[in-house]
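Here are my notes for a colleague who is opening this structure for the first time. Please keep the sequence and the 3D view at hand while reading the points below.

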Amino acid sequence: MSAVIDGNGANALAPRIVGVSLAERSYEIVIGPGILDEAGRRIAEVLPGARMAVIADETVAGLHLDRLALSLTAAGIGFETMILPAGETTKSYDNLITVVERIIGGRFERGDAVLALGGGVIGDLAGFASAIVKRGMAFVQMPTSLLAQVDSSVGGKTGINSPQGKNLVGAFHQPSLVLADTALLDTLSPREFAAGYAEVVKYGLIDRPEFFAWLEDNREAIFAGGEARIAAIATACEAKAAVVAEDETEQGARALLNLGHTFGHALERTARYDASRLVHGEGVAIGICLAHRFSETLGLAPKGDAARVEAHFAAAGLPTRIGQIPGETPKLGELMDAIGQDKKVTRGTLTFILTRGIGRAFVERKVDPDKVAEFLTRELNP
Ligand SMILES: NC(=O)c1ccc[n+]([C@@H]2O[C@H](COP(=O)([O-])OP(=O)(O)OC[C@H]3O[C@@H](n4cnc5c(N)ncnc54)[C@H](O)[C@@H]3O)[C@@H](O)[C@H]2O)c1
Ligand SMILES: O=C(O)C(=O)C[C@@H](O)[C@H](O)[C@H](O)COP(=O)(O)O
Ligand SMILES: [Zn+2]
């Protein structure tokens with residue numbers, strides 16, 4: 001991207017850089033349009049001499065892999081590509097084995113890197129492969145969905161799904177670099193853009209009420225593209241980077257990033273990870289609304305905040321109620337079973353991220369499962 005100095009001396013087209021401070025595992029998130037064409041140069045600066053095992057799904061490979069290949073070649077970086085089917089079911093044991101064996105078969109060294117070009121599915125799977133091959137290879141994230149640019153490419157959570165639940169097998173393994181080309185979002189479907197937006201809103205609802213209010217005012221501009229979109233992505237990355245720097249392996253505060261996920265992951269499991277019914281960001285949108293309504297029901301949050309959150313998601317085209325998921329309505333027992341497999345369960349007790357109002361989320365341990373079941377019974381039978 002060429003640099004242009006505007007009237008105020010600011011570099012108008014320069015990418016936004018957000019740092020993730022983790023001592024010797026610190027790295028930069030580079031955000032802006034056109035970063036894809038600079039990928040080779042930027043990667044060579046951070047990982048000189050490393051070869052890349054490039055992993056992408058079929059959709060993203062068809063759209064954007066050629067340009068990445070040109071950029072890597074121009075920078076003298078050797079690479080092999082591995083293409084997987086698109087969609088949540090790709091985060092499987094079978095695909096993990098395929099990818100791991102391809103990397104080993106390609107004679108990649110520990111100091112070489114796995115490069116994930118794609119959404120959160122590819123980032124989580126490729127990241128996990130990089131965490132375990134040779135006990136940990138280098139890893140580069142090139143997120144191509146909104147969700148991946150604001151959330152999954154940052155913070156080092158990697159993994160796959162088990163038939164028993166979301167992300168139940170994985171590792172913390174930080175990338176060395178995150179390159180988020182915001183122009184790639186122009187090819188993302190409106191539905192997937194909206195799904196990623198749910199995770200953007202999440203940061204406002206956790207502890208940045210002013211960001212949530214800004215999103216209420218700027219939602220249409222963010223969906224249209226341009227500066228508002230880049231600003232929203234950068235703010236989300238700053239928010240996530242701050243939490244990750246404080247609590248890399250989720251011993252405490254990082255659990256806040258799971259707002260809406262205890263319910264959301266259970267809904268994804270009951271929808272069988274079927275994208276025609278529910279994708280992750282949609283599950284998060286419904287889950288966040290449930291967390292706000294549950295908090296209101298428990299008398300923790302002021303009346304009206306849950307409705308405000310729901311109105312914002314609905315305006316963005318996102319579902320807010322379990323009944324909006326197409327297909328068979330999940331059974332209470334199935335949902336409670338999935339909730340019982342949540343990774344935040346401690347000594348058998350449930351943990352939820354609840355809220356005292358917009359921007360006032362907190363981690364509640366020892367949540368009474370009977371209260372959750374009563375609440376869900378009402379939600380399932382409105
Ligand atoms: N590791 C983390 O911290 C973290 C955080 C949030 C979510 N996640 C995980 O991320 C996954 C969801 O990520 P996602 O929403 O990106 O899903 P995804 O990777 O399935 O991508 C969504 C869809 O968009 C397509 N796509 C991606 N980029 C595109 C582009 N530029 N143009 C056209 N199509 C494009 C993909 O092919 C796919 O069909 C879930 O598995 C979730 O559990 C992980
Ligand atoms: O980075 C985190 O921490 C998150 O919780 C981000 C979530 O948006 C993401 O979906 C994550 O994969 C969920 O983590 P999990 O530990 O609940 O599987
Ligand atoms: Zn998520």
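1. In this predicted model, the shell around ligand 1 holds 34 residues, and those that come nearest to the ligand are Gly 119, Gly 120, Val 121, Ser 145 and Ser 152. By class, the residues of this shell divide into 12 nonpolar, 14 polar and eight charged.

2. It helps to ask which elements supply at least two residues each to the shell around ligand 1. They are helix H2 (58–74), helix H4 (120–132), helix H5 (146–152), strand E8 (165–172), helix H6 (190–207) and helix H10 (280–297). Both domain 1 (16–187) and domain 2 (190–380) are represented, since at least three residues of the shell are drawn from each of them.

3. Ligand 2 is surrounded by Asp 151, Gly 155, Lys 157, Lys 166, Asn 167, Glu 199, Glu 250, Arg 254, Leu 257, Asn 258, His 261 and Lys 343. Sorted by class, this shell has seven charged residues, four polar ones and one nonpolar residue. Here, too, domain 1 (16–187) and domain 2 (190–380) each contribute at least three residues to the shell.

4. The domain assignment divides the protein chain into domain 1 (16–187) and domain 2 (190–380), and the centres of the two domains, taken over C-alpha atoms, are separated by 25 Å. Where the domains meet, 32 residues of domain 1 are in contact with 30 residues of domain 2. On the side of domain 1 that touches domain 2, two or more residues come from each of strand E1 (16–20), strand E2 (27–32), H5 and E8. The largest share of that side, five residues, is given by H5, and the residues of the side as a whole divide into 13 nonpolar, 14 polar and five charged.

5. Helix H2, already named among the elements that supply the shell around ligand 1, also takes part in a right-handed β-α-β unit, which is made by E3, H2 and E4. The two strands of this unit, E3 (residues 52–57) and E4 (residues 79–84), run parallel and are joined by six bridges. One of the residues to look at here is Asp 57, whose bridge partner in E4 is Leu 84.

6. Is Phe 128, which is found in helix H4, buried or exposed? Phe 128 counts as buried because it has 25 C-beta neighbours inside 10 Å, where 20 or more are required. Leaving aside the neighbours within four places in sequence, Phe 128 is in contact with Leu 96, Thr 158, Gly 159, Ile 160, Gly 170 and Ala 171. By contrast, the C-alpha atom of Phe 128 is separated by 32 Å from that of Gly 327, a residue 199 places apart from Phe 128 along the chain.

7. Two arginines deserve a check of their backbone angles. Arg 107, in the loop between helix H3 (93–105) and strand E5 (113–118), has a positive phi of about 60° although it is not a glycine. Arg 107 counts as exposed because 9 C-beta neighbours lie inside 10 Å, and the limit for that class is 12 or fewer. Arg 347, in the loop between helix H12 (332–340) and strand E10 (350–355), likewise has a positive phi, near 50°, and Arg 347 counts as exposed because it has 6 such neighbours inside 10 Å.

Notes:
Residues are numbered from 1 along each chain as its sequence is written. Chains are lettered from A and ligands numbered from 1 in the order in which they are written. This is a predicted model: local features need pLDDT of at least 70, side-chain atom pairs count only at pLDDT 80 or more; totals for chains, interfaces and linings use all residues. A residue is near a molecule or strand if its C-beta atom, placed from the backbone, lies within 6 Å of it. Ala, Val, Leu, Ile, Met, Phe, Trp, Tyr, Cys and Pro count as nonpolar, Asp, Glu, Lys and Arg as charged, and the others, Gly among them, as polar. Domain bounds come from an automatic or database domain assignment. Helices (H or I, at least four residues) and strands (E, at least two) are DSSP runs, numbered from the N terminus. Two strands pair if DSSP finds at least two bridges between them. A crossover is right-handed if, with the strands pointing away from the viewer, the path from the first strand over the helix to the second runs clockwise. Two residues are in contact if their C-beta atoms, placed from the backbone, lie within 7 Å.
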